[in-house]
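This report goes through one protein chain, topic by topic. The sequence and structure come first.

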Amino acid sequence: MTKVSFSFSVPPNIDDSQSSSDAIVREGANVTLTCKATGSPVPSIRWKRDDNSKITINKSLSVLEWVGETLEMERISRLDMGAYLCIASNGIPPTVSKQIKVSVDCK
């Protein structure tokens, strides 16, 4: 007789009520986008730009991908305008994503 252990695997789900929606930011201001996901095991969150260009975190740091629930960008410019994808994965299919559009209100 084999012993069966049950560990429940739950695919990731992005919690819209606790995640950012589309944002309009004044040029030169800071913006923080948040993405909360549930699942078992706990999902990891990655951020990418929809057009695969780099995410400018601050004057000295640009990355293709950012890991973590919050994406903070300093002194935003019109170059940062666009769609950002928050991608939640935990090894259990499917991986889910949410698109957050950032608009920059130019002076």
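Is Cys86 buried or exposed? In this predicted model, Cys86 counts as buried, because its relative accessibility is 0%.

## Disulfide

A search of the whole structure turns up one disulfide. Its partners are Cys35 and Cys86, with 1.7 Å between their sulfur atoms. Cys35 is in the loop between E3 and strand E4 (37-40), whereas Cys86 belongs to strand E10, so the bond ties together parts that lie 51 residues apart in sequence.

Like its partner, Cys35 has a relative accessible area of 0% and is therefore buried. Cys106 counts as partly exposed, because its relative accessibility is 31% and the range for that class runs from 20% to 50%.

## Annotated domain

The unreviewed UniProt entry lists residues 12-103 as "domain: Ig-like". Over that range the chain is 54% strand and 0% helix. The C-alpha atoms at the two ends of the range are 28 Å apart.

## Sheet

An open sheet is formed by five strands, in the order E2-E11-E10-E5-E8, with mixed pairing. E2 and strand E8 (66-67) are at the edges and have a single partner strand each, so one side of each is left without a neighbour in the sheet.

Within this sheet, E10 and E11 run antiparallel and are joined by seven bridges. Ala83 stands opposite Lys101, a residue of E11.

## Nonpolar core

In soluble globular proteins, nonpolar side chains tend to be buried together. The largest nonpolar core here consists of 21 residues. Leu33, Trp47, Ile55, Leu71 and Met73 have the most contacts inside this core. Elements that give two or more residues to the core include strand E3 (31-34), strand E5 (44-49), strand E6 (55-58) and strand E9 (70-73). Strands E2 (23-26), E10 (82-89) and E11 (96-105) also give two or more residues each.

## Thr70

Which residues does Thr70 contact, leaving aside its neighbours within four places in sequence? The contacts are Thr32, Leu33, Thr34 and Trp47. Two of these, Leu33 and Trp47, are among the residues with the most contacts inside the largest nonpolar core.

Thr70 itself lies in strand E9. Thr70 counts as partly exposed, because its relative accessibility is 34%. Thr70 and Ser19 are 51 residues apart along the chain, and their C-alpha atoms are separated by 9.4 Å.

Key:
Residues are numbered from 1 along each chain as its sequence is written. This is a predicted model: local features need pLDDT of at least 70, side-chain atom pairs count only at pLDDT 80 or more; totals for chains, interfaces and linings use all residues. Side-chain values use heavy atoms; hydrogens and water are left out. A nonpolar core is a set of buried Ala, Val, Leu, Ile, Met, Phe, Trp, Tyr and Cys residues joined through side-chain atoms within 4.5 Å. Buried means under 20% relative accessible area, exposed over 50%, partly exposed in between (1.4 Å probe, protein chains only). Helices (H or I, at least four residues) and strands (E, at least two) are DSSP runs, numbered from the N terminus. Contact means heavy atoms within 4.5 Å. UniProt positions are given in the numbering used here, feature names are shortened, and annotations may be inferred rather than shown by experiment. A disulfide is a pair of cysteine sulfur atoms within 2.5 Å. Two strands pair if DSSP finds at least two bridges between them.
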